[in-house]
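This report describes a protein chain through its aromatic pairs, its sheet and a few single residues. Please look at the sequence and the structure first.

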Amino acid sequence: MSGHTLEVDPAQANYLRNVLRLKAGATVLVFNGRDGEWRATLADRGKRALSLTVNEQTRAQTTPLDLHYLFAPLKHARLDYMVQKAVEMGASRLQSVLTRHTQVARINLERMRTNAIEAAEQCGILTLPEIAPPVSLEHMLAERKPERLLIFCDEAAEVKDPLAALAAARPAAGSAPPPLAVLIGPEGGFAEDERASLLRAPNLVRLALGPRILRADTAAVAALALVSAVLGDWR
């Protein structure tokens with residue numbers, strides 16, 4: 001990539017020029033989610049257009065944790081926060097799951113992608129998660145591969161200590177983290193038949209998140225931190 005010239009997206013050009021107040025010749029760090037991080041030099045391409053000349057690689061591409069975050073849709077501001085935090089916590093795929101008690105039926109996938117990119121830029125994360133379209137709970141369970149461990153955040157879990165519940169599924173020392181999926185339902189909870197379907201699923205861990213009721217966006221941070229620490233790439 002060294003020596004390549006890239007045209008800057010108009011929205012990003014506006015941000016670089018009018019928000020960050022960068023001038024021609026300024027150095028920025030760029031990434032595309034595949035080829036690592038590179039140092040590039042900014043150049044004017046007219047009144048509003050900018051380009052970047054790629055100079056040298058500063059970091060090699062990292063391998064993301066194979067972690068899917070499955071969630072009941074949320075309203076805009078809380079969804080924005082949740083997407084940003086899920087990216088920061090290393091989720092490789094974000095997918096909303098529609099349930100009986102879901103309160104929001106439509107999701108702006110482009111807005112999710114924008115928030116994911118902003119979170120990655122701010123935190124120096126070199127991989128971008130897949131933003132998948134919404135699916136029903138039934139479809140998610142039917143299409144799920146059984147080798148992917150499903151962590152079902154369930155306030156009725158029999159094991160109340162979340163660390164103990166996850167430790168039972170921990171791989172052998174020195175082995176790579178297994179494929180993971182974390183599921184958090186709607187704030188109204190799952191219907192009884194939905195819960196029953198989940199509990200029949202293979203390779204499942206029920207995860208309690210403490211004695212207090214958490215909002216869904218808060219639960220996302222708590223669950224992803226626990227899973228990363230016990231089963232993921234924090235070990």
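## Aromatic pairs

A search of the whole structure, which is a predicted model, finds two aromatic pairs. One of them joins Tyr69 and Phe71, whose rings are stacked, with 5.6 Å from centre to centre and 15° between the planes. Both Tyr69 and Phe71 are buried.

The other pair consists of Phe152 and Phe190. Their ring centres are 5.5 Å apart and the planes stand at 75°, so this pair is edge-to-face, the class for planes over 60 degrees apart. The pair links distant parts of the chain, as the two residues are 38 residues apart. Phe152 belongs to strand 8 (residues 149-153), while Phe190 sits in the loop between strand 9 (180-184) and helix 6 (192-199). Phe152 has a relative accessibility of 0% and therefore counts as buried. Phe190 has a relative accessible area of 10%; because the limit for buried is under 20%, Phe190 is buried as well.

## The six-stranded sheet

In what order do the six strands of the open sheet run, and is the pairing parallel or antiparallel? The order is 7-6-5-9-8-10, and the pairing is parallel. Strand 7 (130-136) and strand 10 (204-207) are the edge strands, each pairing on one side only. On average, neighbouring strands of this sheet are turned by 20° against each other, with direction ignored.

Two of the pairings can be followed down to single residues of the aromatic pairs. Strand 8 and strand 9 are joined in the parallel sense over four bridges, and Phe152 has Leu183 of strand 9 as its bridge partner. Strand 5 and strand 6 also pair in the parallel sense, over four bridges. Here Phe71 stands opposite Ser96 in strand 6. Strand 6 is mostly covered, with five of its six residues buried.

## Helices on the sheet

Which strands does helix 2 touch where it packs on the sheet? Helix 2 (residues 76-88) touches strand 5 (67-71) and strand 6 (93-98). The direction of helix 2 makes about 165° with that of strand 5.

Helix 6 packs on the sheet too, where it touches strand 8, strand 9 and strand 10. Between the direction of helix 6 and that of strand 8 the angle is about 150°. The loop just described for Phe190 runs between strand 9 and this helix.

## A buried glutamate

Glu37 is part of strand 3 (residues 37-44). Is Glu37 buried or exposed? Its relative accessible area is 12%, and since buried means under 20%, Glu37 is buried.

What does the side chain of Glu37 make a polar contact with? The partner is the side chain of Thr58, at 2.7 Å. Leaving aside neighbours within four places in sequence, the residues in contact with Glu37 are Leu29, Val30, Phe31, Glu56, Gln57, Thr58, Arg59 and Leu126. Thr58 thus appears both in this contact list and as the polar partner of Glu37.

## Positive phi angles in loops

Two residues other than glycine have a positive phi. Arg21 has a phi near 60°, and this residue lies in the loop between helix 1 (10-19) and strand 2 (27-31). With a relative accessible area of 60%, Arg21 is exposed, because the limit for exposed is over 50%.

Asn203 has a phi near 55°, again a positive value in a residue other than glycine. Asn203 is located in the loop between helix 6 and strand 10. Its relative accessible area is 35%, so Asn203 counts as partly exposed, in between the limits of 20% and 50%.

## The chain as a whole

The protein chain contains seven helices and ten strands. Taken along the principal axes, its C-alpha atoms fill a box of roughly 60 × 40 × 30 Å. Of the 235 residues in the chain, 42% are buried.

Among contacts in the chain with a separation of 6 or more, 74% are between residues 24 or more positions apart. The accessible surface of the chain is about 12,700 Å². Carbon and sulfur atoms account for 52% of that surface.

Note on methods: Residues numbered from 1 in each chain as written. Predicted model: local features only at pLDDT ≥ 70, side-chain atom pairs only at ≥ 80, totals over all residues. Heavy atoms only, no water. Phe/Tyr/Trp six-rings, centres within 6.5 Å; stacked < 30°, edge-to-face > 60°. Buried < 20%, exposed > 50% of the residue type's maximum accessible area, 1.4 Å probe, protein only. Pairing = 2+ DSSP bridges. Axes fitted to C-alpha atoms, helices over the stretch in contact; angles between N-to-C directions. Contact = heavy atoms within 4.5 Å. Polar contact = N/O pair within 3.5 Å; in protein donor to acceptor, adjacent residues only side chain to side chain. Areas by Shrake-Rupley, 256 points an atom, 1.4 Å probe, with all protein chains shown as cover.
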